[in-house]
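Here is a short note for a colleague who is beginning to read protein structures. Please keep the sequence and the model open side by side while working through the numbered points.

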Amino acid sequence: MSAEHHHTGQPSGTEPHATEPSGTEPGGTSRATNQPNERATGQPTDWATTRPTHGPTNRLTSIAEVEAVVGRPAAMVVRKQIRALDDGCREVLAYSPLAAFGYRDAQGTARTTFVGGAPGFAQLHSPTRISFAVPGPAAAPGPVSLFFLMPGVGEVLRVNGTATKGGRGGRTSVDVAEAYVHCAQAVIRSRLWEPPAPAPAEGTAPVPGEGPLGAPAVGAFLAAAPFLALSTWDADGGSDTSPRGEARSVVRVLDGRTLALADRKGNRRADSLHNLLQDDRVSFAALVPGRSGVLHVRGRAVITDDPALRETLALRGTPPHLVLLIDVEHAEVTGSPAVADARPWARGGRPGAGEAPDMMALGSAHLTADTDGSGRVSGRLLKLLGAVPGLSRLMRKGIDVVYVRALRKEGYDDVRAPVAAAPTGPAADPEPLRRVRVAGTRRETPTATTLVLEDDTGAPEGFVFRPGQFFTLVAEVEGRTLRRAYSASSVPGASRLEVTVKHVPGGRFSAHVQEGGLRTGDLLALRGPSGTFQLPEEVPEDLVLVAAGSGITPLMSMIRTRLSDPDGRDRLWLLHGSRRAEETVYGDELARLQREHPDRFAVTPHLSARDGRLDAARVRAWVTGLPVSGGAHHFVCGPAPLMDLVGEVLDGLGVPQERRHRERFTPGADVPAGAGTPWEMSVEDDGKTVGTAVVEPGQTLLDAGLAAGLPMPYSCTVGACGECVVRLRGGRVTEAGTAGLSPEQKAAGCVLTCVGSPLSEVTLDLAVPPDAR
């Protein structure tokens, strides 16, 4: 909502909104919802008659009444508002891995959620347009609002605007109307970036009365959540999403469908309050530090200064000046891919000192920008402020002192300003995601497409890996974060990386690529390299390669690398199986390479539609017919039956295991369907407790551990490399795949945390027995 959108008058009725039946939503969400009733008709709620227990006697219904309590915002607060994203705002967008987003869906339902997952998730198209992926129901065209969070930083960047049509690939486009820096009090109150507090040993008190707040998962989350994002709307096309924080639980549960949210002293903009006088619909999304689940709530709210109710929310005798009473219509706890991927509480998940955007300098630049609010000069002002030695540091220190003193006077003990220094320790992310851009695509066959990727971070080095290794691509598709592992097919060290994606029936990412969903300029995230399927340090005289289908991709990197060495003397022999010639991946290039290197490279194509099934007899005849030395290394990659068949042939020929290599690769799998409730996970290291985390419905053990800052080992995150193996010491786990586990690890009771979800409380041990490593 704009600062100039201050209206007077009584609350107006609003259009009917959708209600949802009780139950568990697809994807594993814990949900509780009211059935339709007379209070879901779009009319203002009459608390005096429907809430005899908690109905306020002092309900505020006009701007004058609100401002008599809160006051008017200072002129300097309003002047910090600009109408376009300047250089400082763009720096925040580049660093922020997470944002709260308030919007309405196509049915007019109010929603607040968290979006993001990695720094730079919001793509900047122009100073007045951004886009990003939204999980769940899409945003309908209309007013929306956001605030961008940065781990370790107290201030947030708030952006209001309008969602527009035309976003592709599940992305929502927003036309920016205004942006400004919001103070750090909500973050400081909640201690949002402090180390997560351990879960209380005692259970949550039962919620009196029936309603959506009575669900155990909802009640427990509310009791632990110190921070939320509150979204409201006005009658003139404006929206506001603001941060709210408390020392403990940010809201108080009055009964099964009523919440009390304290409105304490702040910057006096009071946008949420002004909006509620016009439209009583409200939604919020709450966070618990260390958990990657999010509590989503929506309902209707009124404003009260009821003395008795305010007194119940007092801190050291100081009550809030107002209270929002929320009649809850829907409440659910879901796993959040955005929070899980952002890892805001991981020790390596925040910018270091001096790296985070200087929010004090940014706010000052906005305050002194040109009067039309465009922010055109604030970029120059930022540079001027930064050029004065020690000025930004002095400003930061001074405002932090003001924040802390004011909050302690309100009754907040032990508060301190957030610290943006990057912690170190075993939980630091050993391999952060690398942002890459699609430089081009190339159709290899009717069902296989090569993606050509280049670095988007400005890093001068090329893509370093060993021929045969794979990378994990992380992409947002239709509002969902997908991870898929693909072997590199290009030569190591080059400025561009190539991976080939073959369409898999029912595969979300491969279908996205096949249907042209990825285009030149699109951004992806990259993790890797991973995998032990690679050329040995000392290349042998002969390499015997067997591939079928897309199994040729890691071998293609080996072939290209070896043949690009002008001094190479090794020879490569390839048995390449496909169904038909037109389905042969890299068929033309392999034929060309054989013509150019007749003394080093030979291809034997096998087309099953023409030659019949590739059986053991054919493989044995081909291998024994090769003029290779006794030290040849054998590599095989393809469907599991082919790899087993080749293994049997090599067994019969007496080829030792140290000269045999097979790719233990599995496509990135979806999270297994575990239980629909959160489960606690305890992590030990050789029997000594490391920490605990809560695994949300539909979440993996790895994501929950990383979100809580635990030192979980991992690499590919898709169940292929086996780096995330741990021992299951107690409880039950379901896994989407076990290709990354050896027989010895399975026998020792090991599981892969990146594709495992709990079916009960679980205890994991990071120390894997030596004979199972």
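1. A residue is called buried when its relative accessible area is under 20%, and exposed when that area is over 50%, with partly exposed residues in between. With this cut-off in mind, please note that the model is a predicted one, and that buried residues make up 56% of the 773 residues in the protein chain.

2. The overall picture can be given in a few numbers, which are worth having before any detail. The protein chain holds 20 helices and 34 strands, and about 31200 Å² of its surface is exposed, of which carbon and sulfur atoms supply 52%. If one takes the contacts between residues at least 6 apart in sequence, 72% of them join residues at least 24 apart.

3. One open sheet deserves a careful look. What is the order of its five strands? The order is β29-β28-β34-β30-β32, and the pairing is mixed. Because β29 (688-695) and β32 (750-752) each have a single partner strand, they stand at the edges, and one side of each is left without a neighbour in the sheet. Neighbouring strands of this sheet are turned against each other by 35° on average, with direction ignored.

4. Within that sheet, the pairing of β30 with β32 can be followed down to individual residues. Strand β30, which covers residues 725-730, runs antiparallel to β32 and is joined to it by three bridges. R727 stands opposite C750, a residue in β32.

5. Some backbone angles should be checked by eye. Most residues other than glycine have a negative phi, and most peptide bonds are trans. Against that background, R343 has a phi near 50°, which is positive although the residue is not glycine, and D686 likewise has a positive phi, near 55°. R343 lies in the loop between α9 (337-342) and α10 (359-367), while D686 lies in the loop between β28 (679-685) and β29.

6. Are R343 and D686 buried or exposed? R343 has a relative accessible area of 8% and is therefore buried, whereas D686, with a relative accessible area of 60%, is exposed.

7. The peptide bond between G528 and P529 also calls for attention, since this bond is cis, with omega near 10°. P529 is found in strand β22, which spans residues 523-530.

8. Two helices offer a clear case of packing to examine. The axes of α14 (residues 552-563) and α15 (residues 587-596) come within 12 Å and cross at roughly 30°. Angles under 35 degrees count as roughly parallel, so α14 and α15 are roughly parallel to each other, and their crossing is left-handed. On the α14 side, I552, M556, I559, R560 and L563 take part, and they meet E589, L590 and L593 in α15.

9. Finally, consider E246, which is found in the loop between β11 (239-245) and β12 (252-255). Its relative accessibility is 8%, so E246 counts as buried. Which residues is E246 in contact with, leaving aside its neighbours within four places in sequence? E246 is in contact with R189, S190, P226, A262, R264, L315 and Y412.

Note on methods: Residues are numbered from 1 along each chain as its sequence is written. This is a predicted model: local features need pLDDT of at least 70, side-chain atom pairs count only at pLDDT 80 or more; totals for chains, interfaces and linings use all residues. Side-chain values use heavy atoms; hydrogens and water are left out. Helices (H or I, at least four residues) and strands (E, at least two) are DSSP runs, numbered from the N terminus. Buried means under 20% relative accessible area, exposed over 50%, partly exposed in between (1.4 Å probe, protein chains only). Contact means heavy atoms within 4.5 Å. Accessible areas come from the Shrake-Rupley method with a 1.4 Å probe; for residues, only the protein chains shown count as cover. Two strands pair if DSSP finds at least two bridges between them. Axes are lines fitted to C-alpha atoms, for helices over the stretch in contact, and angles run from 0 to 180 degrees between N-to-C directions. Angles under 35 degrees count as roughly parallel, over 145 as roughly antiparallel, 65 to 115 as roughly perpendicular and the rest as oblique. A crossing is left-handed if the near helix is turned anticlockwise from the far one by less than a right angle, and right-handed if clockwise.
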